[in-house]
Amino acid sequence: MPAASSSRASSSRRPSSGSGVAIHRPEGQSPTLEQVRREVYELGWWYQDFEIPPGVRTGFGSPLSYDPQHRWSLIEPFVPADLTGMSVLDLGGSCGFFAIQMLLRGAARCVLVEPVVEFAEQARYAAMRFGFELEIVTEDVHVYCLTTEDRFDHVLFLGLLYHLRYPNLVLDRAADMSKRRLYLQSDVLGPEQEFVHDRDNYARDDAELLLDPAFPKLAFIEHLYNRDATNWWLPNFAALSALVRAAGMEVVARPHPQVIVADPKRRLGTAQYRRLVFPRYGKVGFDSFPGSMRFKPADWQGLLDTRTEKLGG
Ligand SMILES: C[S@@+](CC[C@H](N)C(=O)[O-])C[C@H]1O[C@@H](n2cnc3c(N)ncnc32)[C@H](O)[C@@H]1O
């Protein structure tokens with residue numbers, strides 16, 4: 001996904017009031033299809049291309065948008081059909097597709113963490129069109145996860161791990177924050193096989209640690225990956241499950257090499273300190289984080305230009 005820039009704008013832990021789009025109709029009046037089409041269009045380029053009531057697709061033909069339905073079809077069999085009364089956390093939730101699926105199953109509360117202001121506004125609007133209210137935190141997940149004591153029945157951690165400067169730190173927190181189930185998706189490198197450990201200790205000079213391509217590994221991306229300055233680490237297949245286990249969770253399903261469903265097994269809890277001093281991080285020549293972000297106007301325009309279905313006026 002293309003990088004957004006950090007505006008150093010103050011972050012908000014409170015849901016903001018508007019969806020960022022001007023709505024010109026009496027309160028309570030249902031919008032027409034054309035009105036919703038225009039409002040979705042005015043909200044800009046949507047990463048997730050999905051349908052919102054009364055039948056408008058968010059992608060507008062952009063090849064850079066993706067249809068999240070396939071990803072949902074992989075995790076959906078492991079999500080209880082009835083989430084009545086449950087709480088959900090959607091980390092790096094973009095414009096809200098997965099959070100909305102959980103609300104459609106009856107979840108009572110859903111917090112979506114998304115530092116990109118444009119995406120957060122889209123998520124708020126999309127949820128509103130389904131008749132839901134999302135709690136939106138416009139902040140980096142490192143900061144959110146290290147400054148909340150909230151825990152959730154279900155935690156979504158999709159398409160995010162490789163974007164994180166400190167992925168294990170956030171995964172450990174997400175594991176502790178998951179009361180029932182964690183859904184993890186990440187790109188993976190290398191052979192799609194688990195590493196079979198035939199010993200419980202490795203000697204310091206054991207070449208197997210480095211040379212076996214299946215041994216759990218994280219590749220560090222110092223420069224750009226997929227032309228995106230917000231990509232930092234790529235795990236191999238075995239590392240993804242090893243990291244989940246090391247965070248105190250049990251892998252209950254792996255419906256796809258990139259997808260893990262995990263339940264809490266060994267709760268390690270937290271150590272609390274009075275203040276958090278978090279390092280700013282960022283690649284050389286690019287913006288630094290944490291904080292909420294806005295796209296640079298030229299980058300945003302580039303994304304808008306990829307839409308093949310245009311609205312006039
Ligand atoms: C590849 S998209 C995945 C979106 C969604 N979870 C999905 O699976 O379709 C990554 C999302 O994570 C957000 N993101 C990137 N870095 C983040 C960070 N440090 N904290 C929170 N969200 C982040 C991006 O803005 C983007 O919306």
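Trainee: How are α3 and α4 oriented to each other?
Mentor: They're roughly parallel, because angles under 35 degrees count as that, and the axes of α3 (residues 97-104) and α4 (residues 117-129) cross at roughly 25 degrees, coming within 10 Å. Axes here are lines fitted to C-alpha atoms, for helices over the stretch in contact, with angles from 0 to 180 degrees between N-to-C directions. Helices are DSSP runs of H or I with at least four residues, strands are E runs of at least two, and both are numbered from the N terminus.

Trainee: Is this model predicted, and what is the cut-off for local features?
Mentor: It's a predicted model, where local features need pLDDT of at least 70, side-chain atom pairs count only at pLDDT 80 or more, and totals for chains, interfaces and linings use all residues. Residues are numbered from 1 along each chain as its sequence is written.

Trainee: Back to the helices: which residues of α3 and α4 meet?
Mentor: A99, I100 and L103 in α3 meet A123, A126 and A127 in α4; contact asks for C-beta atoms, placed from the backbone, within 7 Å. That contact has six nonpolar residues, no polar and no charged. For those classes, Ala, Val, Leu, Ile, Met, Phe, Trp, Tyr, Cys and Pro count as nonpolar, Asp, Glu, Lys and Arg as charged, and the others, Gly among them, as polar.

Trainee: New topic, the sheet. What's the strand order?
Mentor: It's an open sheet of seven strands, β6-β5-β4-β7-β8-β12-β11, with mixed pairing. Two strands pair if DSSP finds at least two bridges between them.

Trainee: Which strands are at the edges?
Mentor: β6 (135-137) and β11 (249-256), each pairing on one side only.

Trainee: And in what sense do β7 and β8 pair?
Mentor: Parallel, over six bridges, with β7 covering residues 152-158 and β8 covering 178-185. V155 stands opposite L182 in β8.

Trainee: Which helix lies across β8, β11 and β12?
Mentor: That's α8 (residues 237-246), running at about 155 degrees to β11.

Trainee: What about the ligand, how many residues surround it?
Mentor: There are 20, and the closest are G92, S94, V141, L158 and G159. A residue is near the ligand if its C-beta atom, placed from the backbone, lies within 6 Å. The shell divides into ten nonpolar, seven polar and three charged.

Trainee: Last one: where does the cis bond from P53 to P54 sit?
Mentor: P54 lies in the loop between β2 (51-52) and β3 (56-57), and omega of that bond is near 10 degrees.

Definitions and conventions. Two residues are in contact if their C-beta atoms, placed from the backbone, lie within 7 Å. Angles under 35 degrees count as roughly parallel, over 145 as roughly antiparallel, 65 to 115 as roughly perpendicular and the rest as oblique.
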